[in-house]
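Q: Could you take me through one part of this model up close? I'd like a connected account rather than a list.

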Amino acid sequence: MTKISQTMSIAELAALVCQHLADRNIDAVLTGGAVVTIYSENEYQSNDLDFISTAREKHIDTAMRELGFRRKDRYYVHPDTAFFIEFPAPPLAIGNAPVFRVGEQRLPTGLLKLLTPTQCVMDRLAAFYHWNDPQALRQAEMVTRHHPVDWDEIHRWSVGEGHVDKFERFRDGSKRPV
Amino acid sequence: MLDRLLGESASRILLYLDAVEEGCAPEIAANFAISLSAVQRQLRNLEAAGVLVSRLIGNVRVYRWNPRYAFLPEIRSLLSRAREFLSDEERKRYYSPRTRPRRAGKPL
């Protein structure tokens, strides 16, 4: 197995952790800001890897310790990387809707399961819709500049969330030239 | 009301927040005359579970519902239904705190 190091990218580390967990029958999906970093080609930098897993906490804990991580409050930290890992409470959901099908990326360090670009945009927009978080809006815009997304699906979901006005603001912002 | 299902502290805290939308540990502990540490622990658990979110206002951590929690409508519906079974006395005593502003310096 590849050794965790300071030079490892967030995607490489995420894939290594995801593969290690999968090898122990622990299904985990990367969500949150780390996915934005991956899809925005590092235009946005996150140090925080959020994995959603329905596995039992003690099983996750054992697997993470095998990789050399130790728990510090809610996070797992490792002496050879500045990235830290958290397992927010399941379920994997965007708004009120459960997420079943996610994306995958094959990296040299393993197979990474993560939100698709469209799901990632909706995940960020949820923060913008509910908390008026302008950073989350900018992150959603970043993803659309680097990856095609399903605009119809995002629009449909935004209607369901009751935030058509904010969706339009996001759509207009995404058309801005870089 | 939901003590057997959720535990006494969690049940009271959730019913309280369902009534007033947001609150901090000292206020909730004083409202129910229960220990501050028990309320703080329960609020942290509810935040870790994704049910609540918090932010610091000054040096007070204020908790409120997490609008992104997948089961929020259902859990609030359950709490709302449970509050219908509270006696008038319980409702007035524990779940109807003053939430309108009070001007600084105004005599009580």
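What follows is a look at one helix of chain B, and then at the contacts between the parts.

A: Sure, with the caveat that this is a predicted model. Let's start with helix α2 of chain B, which runs over residues 8-20. With its 13 residues, the helix reaches 18 Å from the first C-alpha to the last, close to the 18 Å expected at 1.5 Å a residue. Quite a few of its positions are buried: B:Ser9 is one, and then comes the run B:Arg12, B:Ile13, B:Leu14, B:Leu15, B:Tyr16 and B:Leu17. As a reminder, an α-helix has 3.6 residues a turn, so residues three or four places apart point the same way. Just after α2(B) ends, B:Glu21 takes a positive phi of about 80°.

Now step back to chain B as a whole and how it meets its partner. Seven residues of chain B are in contact with eight residues of chain A. On the chain B side, that's five nonpolar residues plus one polar and one charged.

Chain A has a contact of its own to look at, between its two assigned domains: domain 1 covers 10-115 and domain 2 covers 118-174. Their C-alpha centres lie 22 Å apart, and each domain of chain A puts 13 residues into the contact. On the domain 1 side, helix α2 of chain A (residues 33-39) gives the most, with three residues. By class, that side of domain 1 splits into eight nonpolar, three polar and two charged residues.

Conventions. Residues numbered from 1 in each chain as written. Chains lettered and ligands numbered in written order. Predicted model: local features only at pLDDT ≥ 70, side-chain atom pairs only at ≥ 80, totals over all residues. Domains from an automatic or database assignment. Contact = placed C-beta atoms within 7 Å. Helix = DSSP H or I, 4+ residues; strand = E, 2+ residues; numbered from the N terminus. Nonpolar A, V, L, I, M, F, W, Y, C, P; charged D, E, K, R; others polar. Expected span 1.5 Å × (residues − 1). Buried ≥ 20, exposed ≤ 12 C-beta atoms within 10 Å, placed from the backbone.
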